[in-house]
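Trainee: I have a structure to read and do not know how to begin. Could we go through some features one at a time?

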Amino acid sequence: MYKKMIFLTAIILCISYVMAFAYSDSLSDTEKCDTCHNIANISKLCEKDCILCHKADSNNYKYLSDNYVQSFIVNKKNPHENNVCAVCHSGRQKRLRFEDDITLCEKCHLEGEVSVEAHSTNFTYVESNQVKIPEDFPLNGGKVTCVTCHMFNCLGANNFKYLRKSFSHITGFCFNCHNTEYYKKYNPHIQINSDGTVNENNCVICHTVKPDILRNKGIESILLKGEPNKICDGCHQIRGAHPTGILHTVIPSSTILNNIKSYEKKYGIVFPMGKNNQILCVTCHLPHQFELIKGQAANKYKHRTRLPEGYELCNVCHNKG
């Protein structure tokens with residue numbers, strides 16, 4: 001009896017061994033995947049042939065093929081939403097594919113393409129009155145890296161830009177580390193002091209030298225520190241085409257240009273334009289305090305427009321009668 005049991009056990013082991021190698025030989029054949037896997041229970045992502053994404057001898061998580069993993073980097077597909085771990089991690093461990101998270105992230109996110117609010121990385125954090133990084137914002141060897149601020153779906157985050165904490169405004173997130181007392185917004189558009197004198201310090205935020213209000217006429221006669229629109233962008237990072245989803249900072253048609261000049265002549269309000277009559281931010285918005293220069297705006301309005309927002313302002317260019 002004992003010998004029979006040994007014999008049967010040996011037979012079973014031999015059969016298992018042969019079957020194991022049989023499966024191994026056929027693992028690259030997608031028609032055989034259902035030998036081990038219940039296709040009906042596989043992720044809805046897997047609606048195509050298995051071999052398009054998987055490779056039997058892959059060392060990646062879920063046996064994803066290297067070509068499939070590389071396609072996320074080459075084509076800049078988002079691996080964060082689909083939790084394709086193998087794009088960032090090698091093998092089936094948590095080890096990153098590259099030496100650190102900065103090198104990894106920059107494979108897809110070039111420094112010049114990240115949000116303007118993002119600051120530099122790979123610097124050693126030094127706590128101060130101005131900056132104190134919370135304990136749940138991780139450092140790498142004492143240095144600030146991408147994951148100090150960002151985390152991904154696989155780690156439980158689903159916030160805007162995968163930032164670690166939710167916020168009502170992007171600067172609210174920055175204040176997780178930065179002391180608000182040191183980052184109050186400064187308004188350079190307040191240009192008249194309480195005693196009625198001109199605040200010359202605010203003039204030279206945008207101008208190379210303080211303009212002579214009585215002598216300088218027009219945008220061509222004053223010295224700015226850069227391209228007019230870029231000066232505005234330094235503080236006002238407008239996202240998307242503006243306004244109404246249409247980029248307006250262009251060289252207008254002769255009809256629109258004539259409408260603007262006609263309005264200026266009729267109502268005595270100036271709408272400054274740039275080189276080759278390009279529409280500027282300051283064409284619609286008043287960069288100066290309303291009381292500083294006469295004839296720059298009809299009154300004080302929200303968003304410092306030269307006329308009330310909406311029909312009245314738009315009608316300067318798009319004259320509908």
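What follows is a short talk about cores, burial, salt bridges and a surface patch in this predicted model.

Trainee: Which residues make up the largest nonpolar core?

Mentor: A core is a set of buried nonpolar residues joined through their side chains. Here the largest one has twelve residues: I256, L257, I260, Y263, I269, F271, M273, I279, L307, L313, V316 and C317. Helices α9 and α11 each supply at least two of them, and the largest share, four residues, comes from α9. One of the core residues, I256, is in contact with C317 and H318, leaving aside neighbours within four places in sequence. There is also a second, separate core of ten residues, including V131, V144, C149 and I170.

Trainee: Is E264 buried or exposed?

Mentor: Compare its relative accessible area with the cut-off: buried means under 20%. E264 counts as buried because its value is 19%. This residue is found in helix α9, which covers residues 254-267. Beyond its neighbours within four places in sequence, E264 is in contact with I269, V270 and F271.

Trainee: Where is H288, and what is it in contact with?

Mentor: H288 is found in the loop between α10 (281-284) and α11 (311-317). At 18% relative accessibility, H288 counts as buried. Its contacts, again without neighbours within four places in sequence, are H189, Q191, H207, I293, Q296 and R304.

Trainee: How many salt bridges are there?

Mentor: Look for a side-chain nitrogen of Lys or Arg within 4 Å of a carboxyl oxygen of Asp or Glu. The count comes to four. One of them joins K165 and D136, at 3.3 Å from N to O. That pair links distant parts of the chain, 29 residues apart: K165 is in the loop between α5 and α6, and D136 in the loop between β1 and β2. K165 is partly exposed at 30%, and D136 is partly exposed at 44%.

Trainee: What separates E264 and K261 along helix α9?

Mentor: About one helical turn, because they are three residues apart in that helix. Their side chains meet in a salt bridge at 3.8 Å, N to O. E264 counts as buried, whereas K261 is partly exposed, with a relative accessible area of 40%.

Trainee: Which residues form the nonpolar patch on the surface?

Mentor: F175, Y182 and Y183 form it, with about 290 Å² of accessible area together. Y182 is found in the loop between α6 (170-174) and α7 (200-206). With a relative accessible area of 44%, Y182 is partly exposed.

Methods: Residues are numbered from 1 along each chain as its sequence is written. This is a predicted model: local features need pLDDT of at least 70, side-chain atom pairs count only at pLDDT 80 or more; totals for chains, interfaces and linings use all residues. Side-chain values use heavy atoms; hydrogens and water are left out. Helices (H or I, at least four residues) and strands (E, at least two) are DSSP runs, numbered from the N terminus. Buried means under 20% relative accessible area, exposed over 50%, partly exposed in between (1.4 Å probe, protein chains only). Contact means heavy atoms within 4.5 Å. Patches are made of residues with over 30% relative accessible area and no salt bridge: like charges are joined within 9 Å, nonpolar side chains (Val, Leu, Ile, Met, Phe, Trp, Tyr) within 5 Å. Accessible areas come from the Shrake-Rupley method with a 1.4 Å probe; for residues, only the protein chains shown count as cover. A nonpolar core is a set of buried Ala, Val, Leu, Ile, Met, Phe, Trp, Tyr and Cys residues joined through side-chain atoms within 4.5 Å.
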